[in-house]
Amino acid sequence: MLNRLFCRGLGIYSFDWLIKCRQFLVQAFIHMTTVTRFAPSPTGYLHVGGARTALYSWLYAKNKGGKFVLRIEDTDIERSTQAAIDAILEGMQWLGLDWDEGPFYQTQRFDRYNLLIDQLLAEGKAYKCFMPAAELDAIREAQMAKGEKPRYPGTWRDRTDHPEGQPFAIRFKTPQTGSVVIKDHIRGDIEIANSELDDLIIRRTDGAPTYNFCVVVDDWDMGISHVVRGEDHINNTPRQINILLALGAPIPEYAHVSMILGDDGKKLSKRTNAVGVMEFRDDGYLPQALLNYLVRLGWSHGDQEIFSLDEMIELFSLDAIGQSASAFNTDKLIWLNQHYIKTLPVKEVAEHAKWHFAQQGIDITQGPALEDVITVQADRVKTLKELAQISGYFYQEYEAFDEKAAKKHLRPVAKEALLLVKSKLSALTEWNTESIHNAINQTAEELEIGMGKVGMPLRVAVTGAGNSPSLDLTLNLLKPAQIVQRIDKALEYIANRENS
């Protein structure tokens, strides 16, 4: 009554119009706050396609000063695992994609879903379907044999002769006329006729709500304003919009991201050849490099290639995402990784590098500061894994000389140079790069030989191999006693070689 009087007071006589205004205002209020979500199903690890979707959702929320929600869509109980949940959370944390709310789990919200399904039943917007699975399979096979799109024919849509004691599913009554228009940030308007959609199951015969219904309720309850997801969900979107309309819920905005192709040109798929995010960690990539690489797999800002996280947040827009599939290029990722190893604050690189040294059994407490090692090695490596592999001699004794390097440089002719440089290094009262460099120079001058004939045997003696940063930098990070011990080891190798 008050609503009708309010309408008359405004000179408006349509109660339906007021209801529509109220719904519009509610939706507008909700969308004043940008809320995005990442909603993976825990049936496997977090792969690069999912990570890119998560990144785009996270960036858009940050750009708009909104919220980012993490939701675990675990309605596929048979295939969902705790190990997969842990892998998803670990991947998100490693990438630094922190969430403002969640993680929420759909299996903990079944009461809410079922309450709304019962509401739709009571309102005549859903119905009980008693069709056995075998009968539906036979119908679909016959449809495909005729070249028709396989679909449920609506057999129980309007029937009331329900058999007692028989199992049934609940189906949503999809409108049979009109169409759904998806307003997509990436693809523009996508219109799908309702006649192309069948009545999907929203609750199975075992009482479990289905994915498409749970997603709708979650997006509504969590105030999701923008849904960023893969293009494989485009077929689900009109169904979900129809359910939202039936519930009187606001419609979020959508952005359906194109697929990622692998190095081989084939579609990346979690079930086939997609690479898990933590595999990149294991292979020695920095999360900053992977994030920078992923953001450019579909989105661009002019010709800029390198973006700090702050720049990504400031510049990101859903409307700047392209429609074409993106090709994964490992060489480009390696280039970015090298860039970040060299340009990030060394303490930041060290935090990630520690894990790789530990994986290789290298105790970094028994040697120079890791930051100092990274400083001298950064220009020489592509990955953190490689950094750990070539830096072990700073922290532990090498087991044996590199065979090729020793054969070439630890020859009897190098004995005199090693003895003299050992003497000069042992006599130093100040241990720094300048004094070390002078000691090596003086050795070459006194013996009247080239620097290489001192430096290379010394390098092999100290590092066990033929490659290292410049000798003054390398030796400066080691203790004088270590160097003397290793030169003695090289001299012993030469002596054994002379006597063999």
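**Figure 1. Surroundings of Glu 191 in strand E7.** Beyond the four nearest places on either side in sequence, Glu 191 makes contact with Ser 179, Val 180 and Val 181. The model shown in this and the following figures is predicted. Glu 191 belongs to strand E7, which covers residues 188-193. The C-alpha atom of Glu 191 is 5.6 Å from that of Val 180, and eleven residues separate the two along the chain. Is Glu 191 buried or exposed? Glu 191 is classed as exposed because its relative accessibility is 58%, and the threshold for that class is over 50%.

**Figure 2. Surroundings of Pro 238 in helix H8.** Helix H8 runs over residues 236-247 and includes Pro 238. Pro 238 has a relative accessible area of 1% and is therefore buried, the limit being under 20%. Which residues does Pro 238 contact once its neighbours within four places in sequence are set aside? They are Val 180, Ile 182, Ile 192 and Leu 197. For Leu 197, which lies 41 residues from Pro 238 along the chain, the separation of the two C-alpha atoms is 8.4 Å. Val 180 links this view to the previous one, since it is a contact of Pro 238 and also a contact of Glu 191.

**Figure 3. Thr 210 in the loop between strand E8 and helix H7.** Strand E8 (201-203) and helix H7 (211-221) flank the loop that holds Thr 210. With a relative accessible area of 9%, Thr 210 is buried. Apart from neighbours within four places in sequence, Thr 210 is in contact with Ile 201, Ile 202, Arg 203 and Arg 204.

**Figure 4. Asn 114 in helix H5.** Asn 114 is part of helix H5, residues 110-122. Its relative accessible area is 18%, so Asn 114 counts as buried; the cut-off for this class is under 20%. Outside the four adjoining places in sequence, the contacts of Asn 114 are Arg 203, Gly 207 and Pro 209. Arg 203 thus appears among the contacts of Asn 114 and among those of Thr 210.

**Figure 5. The cis peptide bond before Pro 103.** Which peptide bond is shown here as cis? It is the bond from Gly 102 to Pro 103, whose omega is near 0 degrees. Pro 103 is located in strand E3, formed by residues 101-105.

**Figure 6. The loop between helices H18 and H19.** Glu 448 lies in the loop that joins helix H18 (433-447) to helix H19 (451-463). Although Glu 448 is not a glycine, its phi is positive, at about 55 degrees. Glu 448 is exposed, with a relative accessible area of 72%. Ile 449 is found in the loop between H18 and H19 as well, and at 28% relative accessibility it counts as partly exposed. With residues up to four places away left out, Ile 449 touches Ala 417, Ala 444 and Val 454. The C-alpha atoms of Ile 449 and Arg 411 are 15 Å apart, with these positions 38 residues apart along the chain.

**Figure 7. Helix H10 and its cover.** Helix H10 comprises residues 287-295 and is mostly covered. How many of its nine residues are buried? The number is nine. Among them are Pro 287, Gln 288 and Asn 292, together with Leu 290, Leu 291 and Tyr 293.

**Figure 8. The whole chain as context for the close-up views.** The chain contains 21 helices and twelve strands. Its C-alpha trace extends over about 105 × 55 × 35 Å along the principal axes. The radius of gyration is 33 Å, whereas a compact globule of 500 residues would have a value near 23 Å. Of the 500 residues, 46% count as buried. Of the contacts between residues at least 6 apart in sequence, 75% join residues at least 24 apart. The exposed area is about 24,800 Å², of which carbon and sulfur atoms supply 50%. The chain carries 55 positive and 66 negative charges, and the mean positions of these two sets are 4 Å apart. The average pLDDT is 92, and 92% of the residues score at least 70. Over residues 1-20 the pLDDT remains under 50, and the model has nine contacts beyond four places in sequence for this stretch. Residues 22-26 also have a pLDDT below 50, with zero contacts beyond near neighbours in sequence.

Conventions. Residues numbered from 1 in each chain as written. Predicted model: local features only at pLDDT ≥ 70, side-chain atom pairs only at ≥ 80, totals over all residues. Heavy atoms only, no water. pLDDT = per-residue confidence, 0-100. Contact = heavy atoms within 4.5 Å. Helix = DSSP H or I, 4+ residues; strand = E, 2+ residues; numbered from the N terminus. Rg over C-alpha atoms; globule rule 2.2 N^0.38 Å. Buried < 20%, exposed > 50% of the residue type's maximum accessible area, 1.4 Å probe, protein only. Areas by Shrake-Rupley, 256 points an atom, 1.4 Å probe, with all protein chains shown as cover. Lys, Arg positive; Asp, Glu negative; His and termini not counted. Charge placed at Lys NZ, Arg CZ, Asp CG, Glu CD.
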